[in-house]
Amino acid sequence: MTLPTSSRTGADILTDTLHGFGVRHVFHIPGEGILEMVDALAARHADIRLTSFRHEGGMAYAAQALGQVTGQPGVCLAARAPGALNTLLALHTAETDAAPLLLIVGQAAAGQAGRDPLGGPDLGEVFRPVVKSVLQVGEAARVPEVLARAWQAAMSGRQGPVVVVVPENVMHENACVADLQAPRPVRPAPPADDMARLQGLCAGARKPLLLLGGSGWDAAALDRMAAFAARCGWPVATAYRRGDLVDHADPHFAGETGIGIDPVLAEGIAQADLVLAVNVRLGEINTFGAGGFGGFRLLDAPRPRQALVHVHAEAGELNRVYQADLAIQADPCEFAAALQALPVQARPDEGWLAGMRAARERFVGSGACDAPIDLRKVFEQLRERLPAQAVVTVGAGAYAVWLHRYFALRRGGRMLGPKSGAMGYGLPAAIGAALADAARPVVAVAGDGCFLMHAEELATAVQHGLRIVIVVVNNGGYGAIRGSQLRLFGRAVGTDLHNPSFADYARAFGAHAERIEETGAFLPALERALDAAGPSLLELVLPATVGKPQ
């Protein structure tokens, strides 16, 4: 590769590198430290869409969602410490969700290090506990090298967020340096002897279960996993908030682990004699048992009673908490290809799969909502009206349990929600998903407390004319916490909220909005929202007594 004949500034090199990597969306809030990058993007690459947000947390949530939808790192720019530190929770969420993300931070000039410059703390010390890597560019000539390393880290193994710190002096330096192509992520294939051992374990299993999770899947790999389950007669469950990996109409789908798990699914996993966990982080959230919070109860730690085969692309995830009978380091798509060729002849006990599927159907066919608005019917109607490939985003709260239980996902659709438990996620994530693919309908679901944590991004959605629908479930309080307090102490403290009219709030931004007080009004209002030219908000008014499904 020959060097370019003319020099470029560090800001120009950075933007040219991002463009060469295929980046077509960059999210930002303009500020000191990134002004040179923003100007270079506008001047040099008109085909990169610059989207300015109202809060860096919302910006980073949107980039995380775009990364999950596209399979490539979402890219966002943050200025110095105030802006950069506002992204911290969103970075933690990207890490827990295994979402590829690249945060580029403009920092004070290197010559000011140690002099207490404006917004100049050691960002590496701040970010390292919650991201895969923090890299700093020392000179303009090394911009392509550092960005390539960051891209590789974000996409390889367990995908996640990477922070690149660029001091202001690097933006202005000139250098002659060749561009680099985006590195291809490392995708380890399962060793042949591990697959032979897996074949033996499968042959002896009478009550096996397939558990899928994580990111990095492609459509062909998911087809192969579904084909394996069909060929062998295995029930399939998914990790928390990864229900979109399986079509819920598939007769092998048995449900989702995590918060709100069907107690019968939890009991079924307890009865299993083999659990094949593919691409799942076996941490607290994915190992909740039935009956409330508390991880590492779905499987006994550190040694499960069931035979456990754990497959993961990240070596550090294997045998981290649970000692597996067989631990296989493999990319999920590579493993799916190898599994397709595995000659498994034995089938489970008669009634094993049918019982698990029947339990799933009973679970989604039960549960009452004692209110003028029946949330079960609302989410069933939402499913019926949206096409299969729709994207639904959701934050954290008791309202989310209704969505997970009654909104049946179809292949090609996506549900994005923070496994970190971060509130305020739904609206900015919907913006990221809508920018990633304008042809896919996008619906954000939020509670009243959850929505107001990043409601400012409604201005972003209106400004860019994004056709997203926001459903706000307003029960006048922090419902999940209220339920926990009542269960633990018999009373609720500090959970009541004095809310605005969310419909009026949305109209003030220029969005279409309606207030809904009974079930029959929801579907007509949804039709009008979907027909609107820009963002729409539907406020569902419920009593404070509505929490999780009964």
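This passage describes the nonpolar cores and the internal cavities of a predicted model. Residues are numbered from 1 along each chain as its sequence is written. Local features need pLDDT of at least 70 and side-chain atom pairs count only at pLDDT 80 or more, whereas totals for chains, interfaces and linings use all residues; side-chain values use heavy atoms, without hydrogens and water.

The largest nonpolar core (buried Ala, Val, Leu, Ile, Met, Phe, Trp, Tyr and Cys residues joined through side-chain atoms within 4.5 Å; buried means under 20% relative accessible area with a 1.4 Å probe, protein chains only) holds 91 residues, of which L375, I468 and L540 touch the most other members. Helix α3 (residues 56-70) is its main contributor, giving eight residues; helices (H or I, at least four residues) and strands (E, at least two) are DSSP runs numbered from the N terminus. Beyond neighbours within four places in sequence, L375 is in contact (heavy atoms within 4.5 Å) with C369, W402, V473, L540, L542 and V546. A separate core has 36 residues, including I13, L18, F21 and V23.

Three cavities of 30 Å³ or more were found in the whole structure. A cavity is a set of points, on a 1 Å grid over the protein atoms alone, where a 1.4 Å probe fits but cannot get out, and lining residues have an atom within 4 Å of a point. Volume is the space filled by probe spheres set on the points, which are joined across faces, edges and corners. The largest cavity has a volume of about 130 Å³. Among its 14 lining residues, E256, G260, I261, R360 and F363 are the closest to its centre.

Technical notes: Buried means under 20% relative accessible area, exposed over 50%, partly exposed in between (1.4 Å probe, protein chains only). On a 1 Å grid over the protein atoms alone, a cavity is a set of points where a 1.4 Å probe fits but cannot get out, and a pocket is an open set with protein on both sides within 12 Å along at least five of seven lines; lining residues have an atom within 4 Å of a point.
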